Amino acid sequence: MPVPARRLPSWAWVTGLTTGAIAVVAVLAVQATDGTRPVATATTPSPSATATATPRPTAKAPTAVPDDSGTGRRIVYSLSLNRVWLIDASDSPRRTFTVWPGTVDPDPGTYTVGTRSEPVTTGSDGVRIEHIVYFAAKSGVNIAFSHAVDGSSPPPASGARTGGIRTQRDDGTALWEFATTGTTVTVVE
């Protein structure tokens, strides 16, 4: 006598579809971390991924946390300064550093860290990256902090729409340790 086929409960289908969708979004987000435009740091120059990477000059690196960037434990990202601050619960800056923004900037506002991806992966620019911290999306582009495993700065953007915000390796590791899921990210001009 044949055994009747078992039917999966509806929650199992929803769980499977959700897991698949998250995996697809993660892959697409990793691909969006390529081709960011470089900015020179005020402290030390970083090696370049290509001989054509040309850093933009910046003024002396500010260390004061921007006004109107919120209170409490948070990450502050300044679009105009290409700088990040890690702020502890007592509103004291614990670390600040410059970054190389992607070609798609998040709008000013408050976000939270959603997904994090620790394993080394290859960005769509062919550079191996790690410690990816996703916090926003704009116009179909995921926006995340990450750093190149070899410490290189990203090559100039080649017309690609990217949301990868690259950090120096040490800064990226510090950001990874600080930016647990649910951490507030305040983006200011």
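Two strands are taken to pair if DSSP finds at least two bridges between them. The exercises below concern a predicted model.

**Exercise 1.** Determine which strands pair with β2, and in what sense.

*Solution.* Step 1: strand β1 (residues 74–78) is joined to β2 by five bridges, and the two run antiparallel. Step 2: β2 and strand β3 (residues 93–98) are also antiparallel, over five bridges. Step 3: R83 of β2 illustrates both pairings, since S78 stands opposite R83, and R83 in turn stands opposite T98 in β3.

**Exercise 2.** Establish how the side chains of β2 are directed and whether they are buried or exposed.

*Solution.* Step 1: R83, W85 and I87 point one way, whereas V84 and L86 point the other way. Step 2: all of these residues are buried, which means under 20% relative accessible area. Step 3: strand β2 (residues 83–87) is accordingly described as mostly covered, with five of its five residues buried.

**Exercise 3.** Identify the residue with a positive phi in each hairpin that involves β2.

*Solution.* Step 1: four residues lie between β1 and β2, and N82 in this hairpin has a positive phi near 50°. Step 2: five residues lie between β2 and β3, and here D91 has a positive phi near 70°.

**Exercise 4.** Characterise the salt bridge of R95 and its setting.

*Solution.* Step 1: the side chains of R95 and D171 meet at 2.9 Å, N to O. Step 2: the pair links strand β3 to helix α2 (residues 169–178), 76 residues apart. Step 3: R95 is partly exposed at 32% relative accessibility, while D171 is buried at 12%.

How values were computed:
Residues are numbered from 1 along each chain as its sequence is written. This is a predicted model: local features need pLDDT of at least 70, side-chain atom pairs count only at pLDDT 80 or more; totals for chains, interfaces and linings use all residues. Side-chain values use heavy atoms; hydrogens and water are left out. Buried means under 20% relative accessible area, exposed over 50%, partly exposed in between (1.4 Å probe, protein chains only). A salt bridge is a side-chain nitrogen of Lys or Arg within 4 Å of a carboxyl oxygen of Asp or Glu.
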